[in-house]
Amino acid sequence: MKCWIPLKVFHLIFHAYGHPAILSTHPTTLEITTSHELTRRGDCVVAVKSSSAVQNLPEDLKRVLSSSSGRGRLALRVGTFEFTVEGRGNPGLTFSHETDLVVRKSAFVSDRTLMICADKSSIDIPRDMVRMLQNPTNRVTVEISVTDAGLL
């Protein structure tokens, strides 16, 4: 006999845009920013002019990722390309940064962090997709899905 446990998943979809200075070469982080400007030093940035930063994410989403059992998935879509990264939550996450949203492969936590212990970073994005992300007219769809693994 199988027992099914209802699973609550929270989703958020928002948009950002490409930028000519996007390099997407950072080995440990991936960043999306509300800023319109970007220099070549921002090698983890994959999209700009985002309509969301960690500060203004829905409370349900932040609540789940504020738990060590929280799990998240961030998907980027531009043109025919899709890239996904999965990570974990942490009780130390504050989600207080006004302009940025960062996914980290490490366990480092800051006010910009959305998820830690991620399975990918910006360098893992296929180069053909990065070329699409370098076009400022290309709109990037960002989807965040979270669930609490402690409820499984």
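The accessible surface of the protein chain comes to about 7,600 Å², and 54% of that area belongs to carbon and sulfur atoms. The model is a predicted one, and every value discussed here is to be read in that light. Of the 152 residues in the protein chain, 47% are buried. Along the principal axes, the C-alpha trace of the protein chain spans about 55 × 30 × 25 Å.

The protein chain contains two helices and eight strands, and these elements follow one another along the sequence in the pattern β-β-β-α-β-β-β-β-α-β. The radius of gyration of the protein chain is 15 Å, close to the 15 Å that the globule rule gives for 152 residues, so the chain is as compact as a globular protein of that length. Among the contacts in the protein chain with a separation of 6 or more, 67% are accounted for by residues 24 or more positions apart.

We may turn next to the sheets, beginning with the one that holds strand S1. This is an open sheet of four strands in the order S1-S8-S4-S5, and its pairing is antiparallel. S1 and strand S5 (81–88) stand at the edges with a single partner strand each, so one side of each is left without a neighbour in the sheet. Neighbouring strands of this sheet are turned by 15 degrees against each other on average, when direction is ignored. Within the sheet, strand S4 (residues 70–78) and strand S8 (residues 139–148) are paired in the antiparallel sense over eight bridges, and Gly70 stands opposite Asp148 in S8.

Phe10 offers a closer view of the edge strand S1 (residues 9–17), in which this residue is found. Which residues does Phe10 contact, leaving aside its neighbours within four places in sequence? They are Asp60, Arg63, Val64, Ile144, Ser145 and Val146. Ile144, Ser145 and Val146 fall within the range of strand S8 (residues 139–148), while Asp60, Arg63 and Val64 fall within that of helix H1 (59–65). Phe10 and Lys62 are 52 residues apart in sequence, yet 9.8 Å separates them in space, C-alpha to C-alpha. With a relative accessible area of 15%, Phe10 counts as buried, because the cut-off for that class is under 20%.

The other sheet to consider is an open one of four strands in the order S3-S2-S6-S7, and its pairing is mixed. Here strand S3 (45–47) and strand S7 (113–115) stand at the edges, each with a single partner strand, so one side of each is left without a neighbour in the sheet. On average, neighbouring strands of this sheet are turned by 35 degrees against each other, direction ignored.

How many of the residues of strand S2 (residues 29–33) are buried? Five of the five are, so S2 is largely enclosed by the rest of the structure. Both faces of S2 are covered, since Thr29, Glu31 and Thr33 on one side and Leu30 and Ile32 on the other are all buried. S2 is joined to S6 by five bridges, the two strands running antiparallel, and the bridge partner of Leu30 in S6 is Val103. S2 also pairs with S3, in the parallel sense and over two bridges, with Glu31 standing opposite Val45 in S3. S6 and S7 likewise pair in the parallel sense over two bridges, and Val103 stands opposite Met115 in S7. Val103 can thus be followed to Leu30 in one direction and to Met115 in the other.

The loops also hold residues that deserve attention. His97 has its place in the loop between S5 and strand S6 (100–104), and this residue is buried, with a relative accessible area of 19%. A polar atom of the His97 side chain lies 3.1 Å from the backbone nitrogen of Asp100. Not counting residues up to four places away in sequence, His97 touches Ala53, Val54, Gln55, Asp111 and Arg112.

Two further loop residues, neither of them glycine, have positive phi values: Ser24, at about 55 degrees, and Lys49, near 55 degrees. Ser24 is placed in the loop between S1 and S2 and is buried, with a relative accessible area of 0%. Lys49 lies in the loop between S3 and helix H1 (59–65) and is partly exposed, with a relative accessible area of 32%.

Notes: Residues are numbered from 1 along each chain as its sequence is written. This is a predicted model: local features need pLDDT of at least 70, side-chain atom pairs count only at pLDDT 80 or more; totals for chains, interfaces and linings use all residues. Side-chain values use heavy atoms; hydrogens and water are left out. Buried means under 20% relative accessible area, exposed over 50%, partly exposed in between (1.4 Å probe, protein chains only). Contact means heavy atoms within 4.5 Å. Two strands pair if DSSP finds at least two bridges between them. Axes are lines fitted to C-alpha atoms, for helices over the stretch in contact, and angles run from 0 to 180 degrees between N-to-C directions. A polar contact is a pair of N or O atoms within 3.5 Å; within protein, one must be able to donate a hydrogen and the other to accept it, and residues adjacent in sequence count only if both atoms are side-chain atoms. The radius of gyration is taken over C-alpha atoms; the globule rule is 2.2 Å times the number of residues to the power 0.38. Accessible areas come from the Shrake-Rupley method with a 1.4 Å probe; for residues, only the protein chains shown count as cover.
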